[in-house]
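Grab a pen and work through these exercises with the model open beside you. Each task comes with a solution in small steps.

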Amino acid sequence: SFYSPTEPALRGPQVAVWDDAAEVTASRLARQRIFASPRGRALRLSLHYYNSMLDAERTAEAMGPAPE
């Protein structure tokens with residue numbers, strides 16, 4: 001699930017993903033040159049205008065399947 005403000009003016013390029021092992025995931029992603037910031041139980045990703053859809057897809061693939 002994604003949680004975001006409904007008003008477009010309040011949205012930004014950062015995404016937080018709940019992850020009980022955020023530190024471990026951030027380290028694993030960094031080895032693939034995908035940089036994220038662990039924030040407690042969340043992993044913060046910043047996607048900007050210079051990131052492509054391929055970058056987003058590669059990040060999602062590297063993170064693995066969502067837990068059930």
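Among contacts in the chain between residues at least 6 apart in sequence, 51% join residues at least 24 apart; contact here means heavy atoms within 4.5 Å. Before you dig in, note that this is a predicted model, where local features need pLDDT of at least 70, side-chain atom pairs count only at pLDDT 80 or more, and totals for chains, interfaces and linings use all residues. Residues are numbered from 1 along each chain as its sequence is written, and side-chain values use heavy atoms, with hydrogens and water left out.

**Exercise 1. Work out in what order the elements run from the N terminus.**

Step 1: count up the secondary structure, which comes to 2 helices and 3 strands. Helices (H or I, at least four residues) and strands (E, at least two) are DSSP runs, numbered from the N terminus.

Step 2: walk along the chain from the N terminus, and you read β-α-β-β-α.

Step 3: put a box around the C-alpha atoms along the principal axes, and you get roughly 35 × 25 × 20 Å.

**Exercise 2. Find which residues of helix H1 are buried, and what covers them.**

Step 1: get the cut-offs straight. Buried means under 20% relative accessible area, exposed over 50%, and partly exposed in between (1.4 Å probe, protein chains only).

Step 2: scan H1, residues 22-30, and pick out Ala22, Thr25, Ala26 and Leu29 as buried. Looking down the axis of H1, these buried residues fall within an arc of 100°, so they line one face of the helix. The arc is that of the directions from the helix axis to the C-beta atoms.

Step 3: flip to the other side of H1, where Glu23 and Val24 are exposed.

Step 4: look for the cover over the buried residues of H1; it includes strand E2 (37-39), strand E3 (42-46) and helix H2 (53-63).

Step 5: zoom out to the chain, where buried residues make up 18% of the 68 residues.

**Exercise 3. Is Thr59 buried or exposed?**

Step 1: locate Thr59 in helix H2.

Step 2: check its relative accessibility, which is 11%, so Thr59 counts as buried.

Step 3: skip the neighbours within four places in sequence, and you find Thr59 in contact with Ile34 and Leu45.

**Exercise 4. Compare Gln32 and Arg33, which both sit in the loop between H1 and E2.**

Step 1: take Gln32, which is partly exposed with a relative accessible area of 37%.

Step 2: list what Gln32 touches, not counting residues up to four places away in sequence: Arg58 and Ala62. Gln32 and Ala62 are 30 residues apart in sequence and 8.1 Å apart in space, C-alpha to C-alpha.

Step 3: move on to Arg33, which is exposed at a relative accessible area of 64%.

Step 4: check the backbone. Most residues other than glycine have a negative phi, yet Arg33, not a glycine, has a positive phi of about 60°.

**Exercise 5. Say how the rings of Tyr49 and Tyr50 are arranged.**

Step 1: search for aromatic pairs, and the structure gives you 1. Rings of Phe, Tyr and Trp (its six-membered ring) pair if their centres lie within 6.5 Å; planes under 30 degrees apart count as stacked, over 60 as edge-to-face and the rest as tilted.

Step 2: apply that to Tyr49 and Tyr50, whose ring centres are 5.3 Å apart with planes at 80°, so the pair is edge-to-face.

Step 3: check their surroundings, and both Tyr49 and Tyr50 turn out exposed.
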